[in-house]
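Me: Please take a close look at a single part of this protein with me, and then connect that part to the rest. I am new to reading structures, so slow and friendly steps would help.

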Amino acid sequence: MMNRFEQLQMVTRRHFLSTGGLSVGAMALTAFSDQTARADIPIDPVQPLANRQPHFAPKAKQVIYLHLTGSPPNLDIYDYKPELNRRDGQDCPDEFLKGRTFAFTSGVPKLMGTPRTFRQCGESGTWLSDAVPNLHGVADDICFIHSMTTDQFNHAPAELLIYTGSPRSGRPSMGAWATYGLGTDNQDLPGFVVLISSGVQPNGGANSFGSGFLPSVFQGVQCRSKGDPVLYVSDPPGMDRSLRRRSLDALRELNEQQANDLGHPETLTRIAQYELAYRMQASVPDVMDISKETQATQDAYGAKPGESSFANNCLLARRLVEQGVRFVQLFDWGWDFHGTGESTGLTSGLTNKWAATDKPIAALINDLRQRGMLKDTLIVCGGEFGRTPFREGRTAGSKVLGRDHYPDCFTMWMAGGGVRGGFNYGQTDELGFGVVENAVHVHDLQATIMHLLGFDHERLTYRFQGRDYRLTDVHGHVVDALIAWPDPEFHVLARATAQRFRSMLPPEGVEADMSECPDSEFG
């Protein structure tokens with residue numbers, strides 16, 4: 001017997017067309033016989049966040065994603081371009097302008113080298129600027145991707161593309177996909193938590209951490225380090241814990257009746273959300289209280305209990321993943337360095353912005369490593385696109401230096417969670433206009449993150465409106481070169497074996513006698 005929800009679906013215009021004999025509508029809609037939204041992995045409606053197994057053994061168990069909203073100027077932080085410095089002030093070559101449209105620049109802009117000072121850091125020799133002095137000390141933990149590329153050059157569409165796989169709103173975000181696939185380890189906390197600093201929501205709005213057409217229990221829950229940790233979760237005056245429990249029990253009975261009558265899957269999801277909110281009343285205030293950390297830890301991050309800051313949020317991110325939260329998303333606004341004012345200039349503006357972020361990021365990496373959590377926790381950091389190698393048009397006559405939006409190439413980085421530390425991947429041309437080696441599209445980054453979490457990105461899908469959707473849409477390839485060796489000891493053994501083999505090779509020009517190579521060692 002059909003429930004009311006199924007009956008209503010049977011009286012839609014699509015149903016009329018598909019049952020109209022041999023009509024054109026019937027033929028066109030034959031392939032869409034199952035139009036209801038459906039999870040392609042088993043989801044318990046009573047416990048939708050229950051821990052689930054991925055497709056294969058993961059390298060990362062949780063993710064901390066640091067989004068620098070507005071997109072930092074990679075040429076002044078990560079990408080050292082001596083040739084661009086030498087050609088500072090020259091007209092931009094026509095080959096890089098012809099047929100192109102830029103957000104705030106027209107005509108023939110001037111090439112602009114960086115005002116920052118670069119040096120090589122760590123055993124990897126990674127080039128980093130003086131804007132990020134604390135990252136110098138953790139360069140060997142970081143995997144830099146210098147060849148990122150995107151399709152969008154405006155903030156909101158580019159941010160949505162990197163988080164949802166589409167420049168338009170309505171798709172599930174990366175954190176929602178991760179919790180849909182894996183659930184979470186702690187049933188008293190959300191599987192996906194969002195922390196926002198600098199007082200401004202992300203450019204894509206709530207869509208950047210929404211659940212789209214996935215059940216709403218998988219959307220990001222925004223928490224705060226100042227005031228109530230979660231809005232609208234605290235009990236109002238006059239309602240104690242027992243009264244809240246009785247009211248939820250009554251509401252549950254009503255929702256269960258509606259679920260039985262109408263059969264709408266979101267009704268069961270709502271019940272689960274109410275129950276999670278009730279448990280969060282006890283669990284969230286404790287995990288969000290950074291005053292419980294030692295003073296040394298607070299000082300390392302630059303965190304101050306009771307305040308709202310990126311430093312506090314980095315420390316909270318570590319506390320949340322430590323308590324079993326699957327995906328923690330940090331959004332920090334203020335990285336749109338056009339140079340329209342001192343705060344968005346490449347000298348003092350960039351120095352001041354990184355002064356509030358560089359220290360806590362380095363502290364987060366060090367803290368996770370010291371606690372033995374870095375190997376299981378993937379940190380991702382970056383913006384939504386890059387910055388031009390020329391001056392932004394509106395500031396051409398100003399003393400303040402800035403750069404325009406640029407989608408063709410930019411840098412992002414990852415650390416921990418199974419990626420190669422002290423590794424630089426990809427390369428752009430000598431001026432920073434285009435990728436010349438190992439391009440990584442944002443869909444490739446998404447596929448790689450899903451792989452590190454144990455998923456084949458092509459198989460983690462959700463059927464909606466007759467189509468199987470996934471985070472990477474119909475694109476994306478895993479970038480295997482970014483993934484670390486299976487085990488550090490195996491890496492050392494492999495390197496030693498290779499060195500032994502090289503020592504056995506004859507001098508150049510002398511033919512090798514392979515009969516002396518034992519089969520047991522070299523096959």
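Reply: Let's start with one term: two strands pair if DSSP finds at least two bridges between them. Please also keep in mind that this is a predicted model.

The part I would pick is strand β8, which covers residues 327-333. Start with its surroundings: six of the seven residues of β8 are buried, so the strand is mostly covered. Now look for its partners. Strand β6, made of residues 192-197, runs parallel to β8, and six bridges link the two. If you want one spot to find on screen, go to F327 in β8, whose bridge partner is F192. Strand β2, residues 62-69, is also parallel to β8, and here there are seven bridges. For this pair, find D332 in β8 and you will see L68 standing opposite. So β8 is bridged to β6 and also to β2.

Next, step back along the sequence from β8 to helix α10, which spans residues 310-322. From its first C-alpha to its last, this helix of 13 residues reaches 18 Å, close to the 18 Å expected at 1.5 Å a residue. Twelve of the 13 residues are buried, so the rest of the structure largely encloses α10. Among the buried ones are F310, L315, L316, L320 and V321, and also the arginines R318 and R319. After the helix comes G324, a glycine with a positive phi near 100°.

You can now compare α10 with two other helices. Helix α12, residues 358-370, also has 13 residues, and it too reaches 18 Å between its end C-alphas, close to the expected 18 Å. Its buried residues include P360, I361, L364, I365 and L368, along with D358 and D367. Just after α12, G372 has a positive phi of about 75°. Helix α5, residues 155-164, is largely enclosed by the rest of the structure because eight of its ten residues are buried. H155, E159, Y163 and T164 are among the buried residues of α5, as are L160, L161 and I162. G165 follows α5 and has a positive phi near 85°. The glycines after α10, α12 and α5 each have a positive phi.

Some residues that are not glycine show a positive phi as well. N438 is one of them, with a phi of about 60°. You will find N438 in the loop between β15 and β16. With 36% relative accessibility, N438 counts as partly exposed. Q465 is another, at about 50°, and its place is the loop between β17 and β18.

Strand β17 also holds Y462, which is buried because its relative accessibility is 6%, under the 20% cut-off. Y462 shows how a chain can bring distant parts together: Y180 is 282 residues away along the chain, yet the two C-alpha atoms are separated by 9.5 Å.

One more side chain deserves a visit: H146 in strand β5. H146 is at 10% relative accessibility, so it counts as buried. Its side chain makes a polar contact of 2.7 Å with the side chain of D79. Leaving aside residues up to four places away in sequence, H146 also touches others, including Y78, F410, N424 and Y425.

Now zoom out to the whole protein. It has 15 helices and 18 strands, and of its 523 residues 50% count as buried. Among contacts between residues at least 6 apart in sequence, 75% join residues at least 24 apart. About 24000 Å² of the protein is exposed, and carbon and sulfur atoms supply 51% of that area.

Finally, a word on confidence. The mean pLDDT is 86, and 79% of the residues reach 70 or more. Over residues 21-35, however, pLDDT stays under 50, and the model has 16 contacts there beyond four places in sequence. Residues 516-523 also stay under 50, with eight such contacts. Where pLDDT is low, the predicted coordinates should not be read in detail.

Note on methods:
Residues numbered from 1 in each chain as written. Predicted model: local features only at pLDDT ≥ 70, side-chain atom pairs only at ≥ 80, totals over all residues. Heavy atoms only, no water. Buried < 20%, exposed > 50% of the residue type's maximum accessible area, 1.4 Å probe, protein only. Helix = DSSP H or I, 4+ residues; strand = E, 2+ residues; numbered from the N terminus. pLDDT = per-residue confidence, 0-100. Contact = heavy atoms within 4.5 Å. Expected span 1.5 Å × (residues − 1). Areas by Shrake-Rupley, 256 points an atom, 1.4 Å probe, with all protein chains shown as cover. Polar contact = N/O pair within 3.5 Å; in protein donor to acceptor, adjacent residues only side chain to side chain.
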